[in-house]
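Student: Could you take me closely through one part of this structure, and then show me how that part sits in its surroundings? I would like the terms explained as we go.

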Amino acid sequence: MEAKAGLLELAGLNELQSLALIGMSKNAGKTTCLNHIITAWQASGQTRQLALTSIGRDGETEDILSGRAKPRIYIPAGTLIASAEDALQRSDALLEILELSDVRTAFGEVIICRALSDGYVELAGPGASEEIAVISELIRQHDPECLFIIDGALSRRSQAGSGLSEAAILAVSGITAAVPEILAEKAAFALDLLQARLVTPEIQENLMPLIISHPTARAILLSQGKHQIEHKAIELPSLVGFGLDISKELQKNSSVLFLRGAITDQLINELLKEPHFANLLLVVEDGTRLFLTPGTAHKLQRRKIELAVLNALDVRLVCLNPTRSNGQLLNPEPLLAALRQKITNIPVVNLGPSNM
Amino acid sequence: MHSSVMITSDLLQQVGLPAVLEACHCRTPQGSRLKNAVRFYNDQSREELEKELAAISRLTVLITEKHPQIVEALTQLARLRELRGTFSRLEKGGLLDDTEFFELKGALIIFSRLTKLRDILISASVNFEDTSAATALLDPGGRSNPAFHIYSEYSPSLAEIRSRKKEVEWQISQNKGSQRRTLLTKRALVIAEEDQEEERIRWELGAKLADWLPQMQHNADACGLLDFRLAKADLAVRWNGARPKLVEQGLPAVLVDTRHPEVAANLEKHGLQFTPISIEIQQGTTVLTGANMGGKSVALKTIFLALLMTQLGYFPNCQSLQTPLFEFFAFESSQEGDINRGLSSFGLEAVSIRDHYRRNKIQRGLIVMDEPCRGTNPAEAAAIVNAMCKTYGRSESSFFIATHYPVSSQPGIRFYQVKGIRPEVLHQLPPYQERSASDQQEVSEPKTGITTLVKVDQREDLTRVRRIQNLMDYRLEKIDGMHAVPSGAIKIAELLGVDEALLREMLAAWQEE
């Protein structure tokens, strides 16, 4: 019990209003981590309620992709949840419907409920961050004090950050790598990207009005003109596959490039073909938008391209789930040791299933 | 669109009806459905139209005086959801899920709150039926909150199962490992019992609610009607609409200071004002003439839209309006041609002329034509236009036509012209000055492609056209007969820098005529 209550203090969850769970891979142990938080929350006698939703789908008994059994989410009475109709049908806690959100998913409309009994729930929330914002707003109307936890699949189409949550927990597992040093290396690199530095207030001031006035622009370019900063908003259907449309707009005096969407190796490689893609600041919404390999990050460094984000993500904790994709349990100690050696500024804990 | 309105969808767009519908904001799916059904009122439904207009008129008073019930009504309406699916399932005796029960409970709460807004309901001529018994079915504990679940109060058996479940859940929270797993299995068995009892209750509850279906459906429709009338009243207030007066057949339509909402809004964006139009349209023919750029097309559309809005139950954008009710509306303009369809513009015009005439033989219509036969040989075109004016002049329909062809004065034909630009004002404009070649080069040249073929920078010309337009007096004036078609076109050509040699030829040709 003590260790569990300690988890809250370790990650400083007591004083948070919102938290995102981010997994480094599929089955990284986010749900296990969530179950640990729920248990710790209950054990420590918190008076505030938890409110749960997920980006996409979670808590189902089987992984839809692999068919393997997955941990389920067991919540105490009083917890608020925002989940799609179909997922609620498969939940067994007694749920009181508080509100229909008008946010639609492939599994039906997202419904805001309060659990009147303990029980299992399946979470299937919206995919887009704007919709998560709607849900967050509705949840707050019903319970302004709650800790709102977004179980966020780290995917190219959705995001856990972007100002939606104050803090995040990163879940890593043996699926990413079973060799301790490699896992630690990868986790540290992922953390670097997630915690990319915040843009300066000056650039933020220049960018924000443009981002708001061009809601559909995928890219916004700032260049130092003769007398003032000039800008260009580039409307594209997506970032992927349109790198050349962006790079052709780059000039020698381009100083800031803001990109809205997932930043992938493929995109960066397209941009790197343009010699003017150099000596500039590449700004993205938040660290969850960066899907880069170390090699690509290195190429950016050589071009003197720095990364910055509009919304900084405060990663409070790294959770290790020492299982591999085949379900084999790894010895957690060497993994923990390697992770702690590489990641020194954030606590790393083992929250594998055996610890439950 | 209703078959009582003969118009192509492109033209309807230009006339501005879709913009009217878009500006009329309904808050409920039921209200939007009424709006999108676009009901056309004619002489047979005159009484209903009077009732509709009277309701809107009374609501505009409440909106203008910011009656507190307005905000409450709009708030409640905004919460109402589409209920057709749930109603249909209830009607067919299907099993409702908790979301649907919740939806119904929410709707019933909205009905009861709206029922209390007496001032609005009386003004809007909308009535609600008492559905409090249905509300009670969905709130067995009398909690009076909008949340819903299958309450333990529905059956003693359910209450008993849940109390057992709660006990197991408490034990689960106190145990770990294999004991916990055993308890979880025990819980699963209790849950199976609970599920079964809940489902029985859902069937029973659905059957009881079905008894109240007619009243609930009536109230949902009432919400739609209230919503639509409030939306129309709100639009009337925003657009300074006037309640139209419906007069008997044979009396003229009289429009005073009518504005075209969309055109006016566009002008205002450029800091310009729309000149309100006044006109009297009698049974028979009304001919509108006037200089080029005089806004004849806009005048036709403004008047057509105002009269059409009236017969769709909206307040037109004007100072005042009286009109008899037409059995059909027709609008024809070959202005844009049908180049895309590759069809001859006169061919299509001839089809419209035929259809309008046939319809007119059996019904009274408002038939509007914008410069028909403009691409036709002038002698024949003038003959066609004169024939139509003369024929419709003897009919019970109102034929309203803008044309440049001379129409001879006859009984049943009245003439209006756009005041236009007084010649002395036109002569005060500074003559056109060609820009120097160096000035022209300053324009950033397009780099590549087809853009090199076309003239890109029209700013100067557009400014000049706008300056001429600003001098135009768009008001309509009644005249005795058709004067010589007012000149002005050649002067405008001159002011826009048409070369001297060409201008000389134009003037010579004009004088010869």
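**A close look at strand β19 of chain A**

Tutor: Of the 356 residues in chain A, 45% are buried, where a residue is buried if 20 or more other C-beta atoms, placed from the backbone, lie within 10 Å of its own, exposed if 12 or fewer do, and partly exposed in between. This is a predicted model, in which local features need pLDDT of at least 70 and side-chain atom pairs count only at pLDDT 80 or more, while totals for chains, interfaces and linings use all residues. Residues are numbered from 1 along each chain as its sequence is written, and chains are lettered from A and ligands numbered from 1 in the order in which they are written.

The secondary structure of chain A comes to 10 helices and 20 strands; helices (H or I, at least four residues) and strands (E, at least two) are DSSP runs, numbered from the N terminus. Strand β19(A) covers residues 314–321, and 6 of its 8 residues are buried, which leaves the strand mostly covered.

Let us look at its neighbours next. Strand β11(A), residues 167–173, pairs with β19(A) in the parallel sense over 7 bridges, and two strands are said to pair if DSSP finds at least two bridges between them. Within this pairing, Leu317(A) of β19(A) has Ile169(A) standing opposite. A further partner is strand β20(A), residues 348–350, which runs parallel to β19(A) over 3 bridges, and there Cys319(A) has Val349(A) as its bridge partner. On the way from β19(A) to β20(A), the chain passes through helix α10(A), residues 332–342, in a right-handed β-α-β crossover; right-handed here describes a path from the first strand over the helix to the second that runs clockwise when the strands point away from the viewer.

Now consider one residue, Val318(A). Leaving aside residues up to four places away in sequence, Val318(A) touches Leu170(A), Val172(A), Ala187(A), Leu339(A), Ile343(A), Ile346(A) and Val348(A), and two residues are in contact if their C-beta atoms, placed from the backbone, lie within 7 Å. Val318(A) is also among the residues that touch the most other members of the largest nonpolar core, which has 207 residues, together with Ile149(A), Ile169(A), Leu170(A), Ala171(A) and Ile303(B). Helix α12 of chain B, residues 213–238, gives this core the most, with 11 residues. Such a core is a set of buried Ala, Val, Leu, Ile, Met, Phe, Trp, Tyr and Cys residues joined through C-beta atoms within 7 Å. In soluble globular proteins, nonpolar side chains tend to be buried together.

The wider chain gives the setting. Domain bounds come from an automatic or database domain assignment, and for chain A they give domain 1 (2–195 + 313–355) and domain 2 (201–311). The C-alpha centres of these two domains of chain A lie 30 Å apart. Among contacts in chain A between residues at least 6 apart in sequence, 75% join residues at least 24 apart.

Elsewhere in chain A, Asn27(A) sits in the loop between β1 (18–23) and α2 (30–43), and Asn27(A) counts as buried because 23 other C-beta atoms lie within 10 Å.

Finally, the second chain: 13 residues of chain B are in contact with 12 residues of chain A. Two elements of chain B, α7 (98–115) and α10 (156–174), give two or more residues each to the side that touches chain A, and α10(B) gives the most, with 5 residues.
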